[in-house]
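Work through the exercises below with the structure open beside you, and try each task before you read its solution.

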Amino acid sequence: MYIRCFCSAIFMLIAVPGSAPAQQSPTPWTMPEVSALPRDARGQLIRDGRDIMLATYAFIGPNVDDPAKRFAGNNLACTNCHLSGGTTKFGLPLFGIYNDFPAYSARTGGPITIEDRINSCMTRSMNGRALPNDAPEMRALVAYVEFLSTGVPKGEQVPGLGAGKMKELSRPADPVRGSTVYARSCAACHKPDGAGVLRDRGAPQLGYMLPPLWGPDSYNDGAGMARLMNFANFVHFNMPHGADYLNPQLTDEQAWDVAAYVLSQKRPHRAGLEKDFPDLLDKPVDAAYGPYADGFSEKQHKYGPFAPILAAIKRLKAAASKKQ
Ligand code: HEC
Ligand code: HEC
């Protein structure tokens, strides 16, 4: 099964309250319903946006007929990571986030719009180029993301955003141990070579049944998913496919180690990464590329342990604020 039905997602949310880890609220989300929209221009735009989320490869993928529409550099779909079209708790949801924008971005060191944020996934997660703000595909994606925030007041932080947060390890995550986890729990779907399974091998514009995790058609090394914390938490709370935050199937250790294994494989390189996060004290500790302000190696930033880095950054921040 490729695209999980929205109704089962809602069932999952109301199932077994109380079994969720204490810090994760099982409060159900009141998700607006795309299919119930009127068939007017706005309703159609939102539907188009959902279609592009679910089948990105078919509209703006690298193999679509019209070369001018080849914006994405891989045949992934947004929904491969933003699960169920951005409606799954801790499955990198896009529910309730629209009013957070414009937002400060540590990555650029300035304010960004929702279009900029989508383009950050276009150039990194989709390994492609930016959509112009006025492109119909961008208008549709923005309309869909805005629609997902229906009824969520500005400033409200809905619980369940992101990919969750499990306990960190006190040792580096270990690619060798992770390879065993991969072979047992991932390879059947994502394949031993990480390349996934296309729907039709002769027609990549029809997308993947099972998306690749590394190799030339995956996200690049500047993507959020290329960072250990995002990957490990996403996998812990969502994989193997069918797991969710109420019923994780991997232990914390297995998730950290399999993340180390997958992220030690080859993927497309994005040029200019050293310019990301101009304020180095705001750079996420798991960004696997320098420069850094803290003196720790790229290797420790990639695999952890992160606690000593966090402590060093805290000291540097305190020192910097004293100077001012
Ligand atoms: C390979 C996985 C992946 C794919 C594919 C992907 N994204 Fe993302 N996206 C992420 C991750 C991870 C984050 C959070 C990154 C972070 O905060 O560091 C994110 C964040 C976002 C955000 C901001 C969410 C927030 O909470 O503020 C938006 C909007 C977004 N993505 C839209 C899209 C759209 C639209 C597409 C398809 C064109 C897409 N993404 C494809 C992984 C992906
Ligand atoms: C039963 C098949 C299955 C298994 C087993 C499975 N996955 Fe997935 N995985 C999927 C599918 C399908 C998606 C796309 C999700 C969607 O579109 O709803 C996905 C998406 C992903 C993604 C985000 C998209 C991308 O291309 O990067 C990551 C990361 C991931 N899986 C990692 C793993 C890891 C690590 C394991 C092993 C612990 C695993 N998966 C086990 C089916 C599976």
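**Exercise 1.** Which residues in H2 meet which residues in H6?

Solution. Keep in mind that this is a predicted model. Begin on the side of H2, which covers residues 41-54: Arg42, Leu45, Ile46, Asp48, Gly49, Arg50, Ile52 and Met53 take part in the contact. On the side of H6, which covers residues 136-147, their partners are Glu137, Arg139, Ala140, Leu141, Ala143, Tyr144 and Phe147. Sorting this contact by class then gives 9 nonpolar, 1 polar and 5 charged residues.

**Exercise 2.** Describe how H2 and H6 are packed, and decide which word fits their arrangement.

Solution. Two packed helices are described by the angle between their axes and by the distance between those axes. For H2 and H6 the angle is about 100° and the axes are 7 Å apart. Angles of 65 to 115 degrees count as roughly perpendicular, and therefore H2 and H6 are roughly perpendicular to each other.

**Exercise 3.** Describe the shell around ligand 1, naming the residues that come nearest and the helix with the largest share.

Solution. Of the 23 residues around ligand 1, those that come nearest are Cys78, Cys81, Cys121, Ser125 and Gly224. Helices H5 (114-123) and H6 each supply at least two residues of this shell, and the largest share, 4 residues, comes from H5. By class, the shell has 16 nonpolar, 6 polar and 1 charged residues.

**Exercise 4.** Describe the surroundings of ligand 2 in the same steps.

Solution. Ligand 2 is surrounded by 26 residues, of which Cys186, Cys189, Pro211, Pro240 and His241 are the closest. At least two residues each come from H8 (187-190), H9 (228-238) and H10 (252-263). By class, there are 20 nonpolar, 5 polar and 1 charged residues in the shell around ligand 2.

Methods. Residues are numbered from 1 along each chain as its sequence is written. Chains are lettered from A and ligands numbered from 1 in the order in which they are written. This is a predicted model: local features need pLDDT of at least 70, side-chain atom pairs count only at pLDDT 80 or more; totals for chains, interfaces and linings use all residues. A residue is near a molecule or strand if its C-beta atom, placed from the backbone, lies within 6 Å of it. Ala, Val, Leu, Ile, Met, Phe, Trp, Tyr, Cys and Pro count as nonpolar, Asp, Glu, Lys and Arg as charged, and the others, Gly among them, as polar. Axes are lines fitted to C-alpha atoms, for helices over the stretch in contact, and angles run from 0 to 180 degrees between N-to-C directions. Angles under 35 degrees count as roughly parallel, over 145 as roughly antiparallel, 65 to 115 as roughly perpendicular and the rest as oblique. Two residues are in contact if their C-beta atoms, placed from the backbone, lie within 7 Å.
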